[in-house]
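The exercises below ask you to work through the empty spaces of one protein model, step by step. Keep the sequence and the structure at hand as you read.

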Amino acid sequence: MKQINSLENRIGVKLFVRTNHGISLTPAGEELYKQAKKLIAAGNAAIKSVRNIGGYKQHTIRVGTSLMRPCKMLVDLWAKLDTHKLPYQIEIVPFDDNPTGLNAMMESLGADIDCYVGPFNSIQWLEQYSFYPLGLFKCCCAVPRNHPLASKERLSWSDLSGENFMLIKQGESLILDRLRKEIENNHPDIHLVDIPNIYGTSIFNECEQRGYIMETLEIWSDIHPGLVTIPVEWEYEMPYGIIYGSKPSKDFQEFISVLAAAK
C-alpha cells in the first residue's frame, strides 16, 4: 500500500480504486500499465541487441508473477548475487490468479514461462512439475474484519467450534488433507466448506462476503483488505518455492544451481 501511495503521489493522478473487495486500476492506471510494459519490452530489446553486438551472451529467465504468487522472494534471492557477472537476467511475466489464468500459466511452464514462486503441495502437481524449496509458511486463518474472532491474536480449536471453515477440497493437498482429517476426527463441530479450486482472489472475496473463516497462508496476510490473517494453535506449514517444468532447459537447470549455491 505504501508503494501504491508513493507511485500515485509521484505521478500526480489516481491509479487505483480501493474497495472492500480489493483494488482495481483506474483508466489512468490502465494506460500507465500498458505504456510501462512497452517501455520495459523496448528497454530489454535494446540491452539484448547491444549485448549481441558486443558478443555478450545472457540467458533470460522468465518468471511468472501475480497478486497471490509474487516473485519477490526469488528476486530478493537473486539480488544477493553479483548478477553483472552471471549470464542471466530475470524477465517478469504477469498472470491472473483465477483458475483459467493459473491453468494457462501452468501449461506454459517450460515454454513461455520458466517458473513462478508459490506454495507447492498439490497432489496432482507433484508428478507433473519440479520444485525448488525456498522456505515454509504457516497455515493460518483468514477472518472477516467484522467477525467476532477478528480481534484475537491467536485462534484455538475451541474458537473455531461451530464456524463455517473454508478448506481446499479433499485430494488436492497432502498437508491440507491432514488438516481436514484432524478436523473430521477430533473437531466435528467445525463445519467444513469445500473450496473447489486452487486459491485465487475470488475465494478471498467469498470468505469476506459470506462471513466464513478460511485456511490461508501467512504470506497472504495482506491480500484482502476485508480480512485479517490470524495464526492458529495447530502446527501445519506449507512448502513454498520455485515451481517449474518437469523437463527444464539446460540454462534453467544451471540457473537453479546458481541459486542453490547462493541460498
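## Pocket and cavity linings

**Exercise 1.** Describe the lining of the second largest pocket by residue class, and then locate its main contributors.

*Solution.* In this predicted model, the lining of the second largest pocket divides into 7 nonpolar, 5 polar and 3 charged residues. Turning to the space itself, its volume is about 260 Å³, and of its 15 lining residues N103, Q124, W125, E172 and I198 are the closest to the centre. As a last step, assign the lining to elements: helix 4 (99-107) and helix 5 (125-128) each supply at least two residues, and helix 4 provides the largest share, namely 5 residues.

**Exercise 2.** Find how many cavities of 30 Å³ or more the structure holds, and characterise the largest cavity.

*Solution.* A search of the whole structure gives 2 such cavities, and the largest cavity has a volume of about 270 Å³. Its lining consists of 19 residues, with P119, S122, S173, I198 and Y199 lying nearest the centre; strand 5 (115-119) and strand 9 (213-217) are the elements that give two or more residues, and strand 5 gives the most, with 3 residues. By class, the lining of the largest cavity comprises 11 nonpolar, 5 polar and 3 charged residues.

**Exercise 3.** Determine which element gives the most to the lining of the second largest cavity.

*Solution.* This cavity, with a volume of about 40 Å³, is lined by residues including A142, F204, W220 and H224. Strand 10 (residues 227-230) gives the most, with 3 residues, while the lining as a whole divides into 6 nonpolar, 3 polar and no charged residues.

Notes
Residues are numbered from 1 along each chain as its sequence is written. This is a predicted model: local features need pLDDT of at least 70, side-chain atom pairs count only at pLDDT 80 or more; totals for chains, interfaces and linings use all residues. Side-chain values use heavy atoms; hydrogens and water are left out. On a 1 Å grid over the protein atoms alone, a cavity is a set of points where a 1.4 Å probe fits but cannot get out, and a pocket is an open set with protein on both sides within 12 Å along at least five of seven lines; lining residues have an atom within 4 Å of a point. Grid points are joined across faces, edges and corners, and a volume is the space filled by probe spheres set on the points. Helices (H or I, at least four residues) and strands (E, at least two) are DSSP runs, numbered from the N terminus. Ala, Val, Leu, Ile, Met, Phe, Trp, Tyr, Cys and Pro count as nonpolar, Asp, Glu, Lys and Arg as charged, and the others, Gly among them, as polar.
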